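Welcome to this tour. Please open your viewer and keep the selection tool at hand.

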Amino acid sequence: MSAHTHTHEYTHVRTHAHEAPASSLPPGVAASVHGRPLAAALVDERAAATAPAMGRESWPGRDRARRQHRRWVAQVVVAEELVRQACERLDVGPDTVQPLAPAPGSSPDEDYADLGGIASALLLRSRPARALVAYFADRQHIPEADLRTYYERNPDRFLTQEALQEGVDPYRGTPDARHLVPFDRARAGIEARLRRSLAHRAFVSWLDTEREAVVLAPGYEHPGDPAQPDAEHRH
């Protein structure tokens, strides 16, 4: 991709939301999201419903594992609320945007799983989140030069069926034009692929930026936050 391809304003990245001092959120509130309280009961119920089976007998680290699972669930629930509020502000929903098609040869779940972390967990389960990704995709600008560059740098993606049957190696010298699908026929697919990639990147950056507006209560911090008592640093 050239330096001209961009993701608009969605570029600032944050790692964690803010942990709240013990007195800054009222009892029964797990987080504040753009000033709106998120009930601890909502997070706790989701955590209880999704916790892996841990057995009845006590074992070292079991309680810590449960607390860390609750913290992970809190991040997903907070992200869902961020998406809900954004869709409300932008008037975006599953019925208002055209869904993004997955990459050729993959399913939407495989596409989203590759993102990892909270973004992946959110997109795998949330139709509004996928609608927001599609909204971002509609607002990406891809210069024509970038489309042509992608075509020229990835000849293996554009071999004709005849070339594949002949065992043509696209990386040994310059491929003969007759072995490649013409650019004009490949262009729409290239644009869709790059637009999807930029939309995924925009969504991840947007989500990280939005965490500036989140305050987390003790016990609901990010599981990797080194300031929380159950954090564990490993090499």
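Which residues touch the most other members of the largest nonpolar core? Select Phe203 and Trp206: among the 43 residues of that core, these two have the most such neighbours. A nonpolar core here is a set of buried Ala, Val, Leu, Ile, Met, Phe, Trp, Tyr and Cys residues joined through side-chain atoms within 4.5 Å. Buried means under 20% relative accessible area, exposed over 50%, and partly exposed in between (1.4 Å probe, protein chains only).

Before you go on, note that this is a predicted model: local features need pLDDT of at least 70, side-chain atom pairs count only at pLDDT 80 or more, and totals for chains, interfaces and linings use all residues. Residues are numbered from 1 along each chain as its sequence is written, and side-chain values use heavy atoms, leaving out hydrogens and water.

**The whole chain**

Switch to a cartoon view. The protein chain has 8 helices and 4 strands, in the order β-β-β-α-α-α-α-α-α-α-α-β. Helices (H or I, at least four residues) and strands (E, at least two) are DSSP runs, numbered from the N terminus. Of the 235 residues in the protein chain, 43% are buried.

**Back to the core**

Colour β2 (29-33), α1 (40-50), α2 (62-90), α4 (117-125), α5 (127-138), α8 (183-210) and β4 (214-216): each gives at least two residues to the largest core. The largest share, 10 residues, comes from α2. For a second, separate core of 14 residues, select Ile142, Tyr150, Leu159 and Ala163, which are among its members.

**Helix α5**

Next, zoom in on α5. Its 12 residues reach 17 Å from first C-alpha to last, close to the 16 Å expected at 1.5 Å a residue; the expected span is 1.5 Å times one less than the number of residues. Show the side chains of Ala129, Leu132, Val133 and Phe136, which are among the buried residues of α5. The buried residues of this helix pack against α2, α4 and α8. At the N-terminal end, serine 126 acts as a cap, with a side-chain oxygen 3.0 Å from the backbone nitrogen of alanine 129.

**Arginine 71**

Now pick arginine 71 in helix α2. Is arginine 71 buried or exposed? With a relative accessible area of 3%, arginine 71 is buried. Leaving out residues up to four places away in sequence, arginine 71 touches residues including Tyr220, His222, Pro223 and Gln228 (contact means heavy atoms within 4.5 Å).

The side chains of arginine 71 and aspartate 230 form a salt bridge (2.8 Å, N to O). A salt bridge is a side-chain nitrogen of Lys or Arg within 4 Å of a carboxyl oxygen of Asp or Glu. This pair links helix α2 to the segment after β4, 159 residues apart. Aspartate 230 is buried too, at 8% relative accessibility.

**More salt bridges**

The structure holds 15 salt bridges. Select glutamate 80 and arginine 46, whose side chains meet at 2.8 Å, N to O. Glutamate 80 sits in helix α2 and arginine 46 in helix α1, 34 residues apart. Glutamate 80 is buried at 19%, while arginine 46 is partly exposed at 22%.

Move on to arginine 89 and glutamate 210, which form a salt bridge at 3.7 Å, N to O. Arginine 89 is in helix α2 and glutamate 210 in helix α8, so the pair ties together parts 121 residues apart in sequence. For a last stop, select Arg36, Glu81, Arg84 and Glu88: salt bridges with shared partners join them into one network.

Key: Polar contact = N/O pair within 3.5 Å; in protein donor to acceptor, adjacent residues only side chain to side chain.
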